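Student: Could we go through this model together? I keep tripping over the labels and want to see what backs each one up.

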Amino acid sequence: MKRITFFAVVIFLTSCAELSIPTTFPFPQAQSSTTPKLTSAEVVEGLKEALKVGAKNSTALASKVDGFYKNPKIFIPFPPEAEKVKEKLIDAGFNKQVDRFTLTLNRAAEEATKKALPIFTDAIFKMTFTEAMSILNGPDNAATEYFRKTTSDNLYKAFKPVVSDAIKTVKLTSYWEPIATTYNRLTIITGGKAVNPDLEDYVTRKAIDGLFVLIEQEEQKIRKDPAARVTDILKKVFGNM
């Protein structure tokens, strides 16, 4: 009886030796030593840090001289609804006035951005853990799109007074009024319709859109480029993606 038991054990052990048994499955702790598990606090902190870095860098780029004017991605053109004004004025020889007006549109956005960073960061640094995880695991522009959808209305309300002050600072309306007046006089001859676009609304929306463009660029850098992860928490959170 003992010999039968001995041979049964030998046969069992031999058959087990021929099996391919995974060695990692029973040992999840061994995996965590190379890829530390993130806590919910770390995830939220990492996302907020990424947005803080993105907002700071973006605002710095946009607020410098020619930040809007010489950046083709966020350059503010002549208002589309007033494009016919531009064409008529150029035809009438008012090229310099048109160029000066376009320049001051962008200067207004640059001036507004200097004052907007605290407002902008306050608006975007509010998220739940669920939202943070969704952003972390989402597409390359998930954070940008999330905040565009959830904060655009509040940002508009906050930005418009700043833009209004900026327009006064660079005397934008002093350039617009003679252009609009000249064009409206021409419409008496041409039979066209007089125009009066809301410059504050136009520049406000363009300034916000421009910042989102730059923030999206920063977000993609942090997600894809380890060199852009300038703090330990960014390295830890986005290095685990």
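Tutor: Sure. One definition first: contact means heavy atoms within 4.5 Å. And keep in mind that this is a predicted model.

Student: Okay, so which residues does glutamate 111 touch, leaving out residues up to four places away in sequence?

Tutor: Ala166 and Thr169. Glutamate 111 itself sits in helix 5. Its C-alpha atom is also 8.4 Å from that of lysine 64, although the two are 47 residues apart along the chain.

Student: How do you know that the length of helix 5 agrees with its number of residues?

Tutor: Helix 5 covers residues 95-124, so 30 residues at 1.5 Å each should span 44 Å. The end C-alpha atoms are 41 Å apart, which agrees.

Student: Where does helix 5 bend?

Tutor: At alanine 116, by about 60 degrees. That angle is taken between axes fitted to the seven residues ending there and the seven starting there. A proline, proline 118, follows within four residues.

Student: Why are helix 4 and helix 8 called roughly perpendicular?

Tutor: Helix 4 (residues 83-91) packs against helix 8 (residues 172-190) at about 80 degrees, with the axes 10 Å apart. Angles of 65 to 115 degrees count as roughly perpendicular, and therefore this pair gets that name.

Student: Which residues meet there?

Tutor: From helix 4, Lys84, Val85, Lys88 and Leu89; from helix 8, Ile179, Thr182, Tyr183, Leu186 and Thr190. By class, that contact has 5 nonpolar, 2 polar and 2 charged residues.

Student: And what makes helix 7 oblique to helix 9?

Tutor: The axes of helix 7 (residues 142-169) and helix 9 (residues 199-224) cross at roughly 140 degrees and come within 8 Å. Roughly antiparallel takes an angle over 145, and roughly perpendicular stops at 115. So helix 7 is oblique to helix 9. The crossing is right-handed, and its contact residues divide into 14 nonpolar, 5 polar and 10 charged.

Student: What is the handedness where helix 5 crosses helix 9?

Tutor: Right-handed. Helix 5 and helix 9 pack at about 65 degrees, with their axes 9 Å apart. Among the residues that meet are Phe101, Leu105 and Phe120 in helix 5, and Tyr202, Leu211 and Phe212 in helix 9. This contact has 12 nonpolar residues, 1 polar and no charged.

Student: Last one: what is notable about phi of aspartate 66?

Tutor: Most residues other than glycine have a negative phi. Phi of aspartate 66 is near 70 degrees, a positive value in a residue other than glycine. You'll find aspartate 66 in the loop between helix 3 (40-63) and helix 4.

How values were computed: Residues are numbered from 1 along each chain as its sequence is written. This is a predicted model: local features need pLDDT of at least 70, side-chain atom pairs count only at pLDDT 80 or more; totals for chains, interfaces and linings use all residues. Side-chain values use heavy atoms; hydrogens and water are left out. Axes are lines fitted to C-alpha atoms, for helices over the stretch in contact, and angles run from 0 to 180 degrees between N-to-C directions. Helices (H or I, at least four residues) and strands (E, at least two) are DSSP runs, numbered from the N terminus. Angles under 35 degrees count as roughly parallel, over 145 as roughly antiparallel, 65 to 115 as roughly perpendicular and the rest as oblique. A crossing is left-handed if the near helix is turned anticlockwise from the far one by less than a right angle, and right-handed if clockwise. Ala, Val, Leu, Ile, Met, Phe, Trp, Tyr, Cys and Pro count as nonpolar, Asp, Glu, Lys and Arg as charged, and the others, Gly among them, as polar. The expected span of a helix is 1.5 Å times one less than its number of residues.
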